[in-house]
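Thank you all for coming; I would like to use these few minutes to walk through one structure. Please have the sequence and the model open as we go.

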Amino acid sequence: MDEMTSLRHRVERALGGRAIEELWPGPRALVGFEAAVALSVDRVLARRAVDKLRAGSRLLPVESEVLEVAIRMARPALRIERGRLPLHCSLEMDEAVRAVLVAQLPGIASLGWNWGIPLATAFQVSPRVLVTSAHVADRLEQEREDLARGHFVARFDADARHAERTVAITGVLARHPSEDVALLEMAAEGPLDGGLRLARQPGGSGTRRVLGVGYPLYGDGHPPWLDALFENVYGVMRASPGELVGAEGERLFHDCTTLSGNSGSPLFDLSTGLVIGIHASGKFAWRNTAVSTRALLSNEFIRARVSCWD
């Protein structure tokens, strides 16, 4: 399938029969003259781009970009509260798969300073071990004094079975030699007896729909429509549905809506409920990169410290 055909299919799936103009928030959801101008320009550009795409015409780079934005806007950034995954059409899955996925949510943590400043996302792979992005681990080690004093913590949300839990990070346990992923050691056990369930063979031919779960943070330079999508609430656990859009070596490319705090988020396969990747980086509203769980499996030291392989 060529790139334009793939984009057309993704746009149509995201729209679900809606007109593309419906995705842009109403004027009351935005504040300021510049936001209103940007809104009207993007809406017109998106209409032209989708018409060209359906007609089989080649798109300009700016038209491809506005359609990638539209795909993000078509999908919710659903808030997860007390371990409950919301019921939503974008999260349709087999009930057995939903049960597998929901059971893992308590092991996902907001990583940051113990005085309430969040940094990224991490998740349990064994009782006292977290996985996150290597660039996040680098940040912790740059602040060696804070790390040594236990100022970096993992905060696990409360749910129906677990109380809220804050656990100090004691150090960086391991880094992958070539991929943006690292293990952190905690001073005590997290809420899960083991850890999230990692796929031995991620991103198979049947995998398309994925879900990123993490703690997105607000950042300067975000477009005006983002506040409407996130309802001006950042730093809380959210589920961001999306699709795999490619793979290269030990990296998976996806189009879930992610922000800076999502580094280290698990990427779930919605056909199995297993973790297939660790979100590492992305170009906003374009393409995101996750490190495949295959990279963890292939490293003997890291593989031995992961409790649950499927």
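I will take a pair of helices, then the largest pocket, and then the enclosed space. Please keep in mind that this is a predicted model.

Let me start with the helices, bearing in mind that two packed helices are described by the angle between their axes and the distance between the axes. Here the pair is helix α1, residues 3–15, and helix α3, residues 61–74, whose axes come within 9 Å and cross at roughly 30 degrees. Since angles under 35 degrees count as roughly parallel, α1 and α3 are therefore roughly parallel to each other. The crossing of α1 and α3 is left-handed, and the residues that make the contact are M4, L7, R10, V11 and A14 on the α1 side, with S64, L67, E68, I71, R72 and A74 on the α3 side. Sorted by class, the residues of this contact comprise 7 nonpolar, 1 polar and 3 charged.

Moving on to the largest pocket, it encloses about 390 Å³ of space and has a lining of 18 residues, among which R13, A14, R75, C89 and S90 lie nearest its centre. The elements that contribute two or more residues to that lining are α1, α3 and β9, the last of these spanning 238–248. In terms of class, the pocket lining consists of 8 nonpolar, 4 polar and 6 charged residues.

Which space, finally, is closed off? The structure holds 1 cavity of 30 Å³ or more, and about 60 Å³ of space lies in the largest cavity. Its lining includes I80, E81, R82 and G83, together with L105, P106 and I108, and also D157, A158, D159, Y215 and M237. That cavity lining divides into 7 nonpolar, 1 polar and 4 charged residues.

Conventions:
Residues are numbered from 1 along each chain as its sequence is written. This is a predicted model: local features need pLDDT of at least 70, side-chain atom pairs count only at pLDDT 80 or more; totals for chains, interfaces and linings use all residues. Side-chain values use heavy atoms; hydrogens and water are left out. Axes are lines fitted to C-alpha atoms, for helices over the stretch in contact, and angles run from 0 to 180 degrees between N-to-C directions. Helices (H or I, at least four residues) and strands (E, at least two) are DSSP runs, numbered from the N terminus. Angles under 35 degrees count as roughly parallel, over 145 as roughly antiparallel, 65 to 115 as roughly perpendicular and the rest as oblique. A crossing is left-handed if the near helix is turned anticlockwise from the far one by less than a right angle, and right-handed if clockwise. Contact means heavy atoms within 4.5 Å. Ala, Val, Leu, Ile, Met, Phe, Trp, Tyr, Cys and Pro count as nonpolar, Asp, Glu, Lys and Arg as charged, and the others, Gly among them, as polar. On a 1 Å grid over the protein atoms alone, a cavity is a set of points where a 1.4 Å probe fits but cannot get out, and a pocket is an open set with protein on both sides within 12 Å along at least five of seven lines; lining residues have an atom within 4 Å of a point. Grid points are joined across faces, edges and corners, and a volume is the space filled by probe spheres set on the points.
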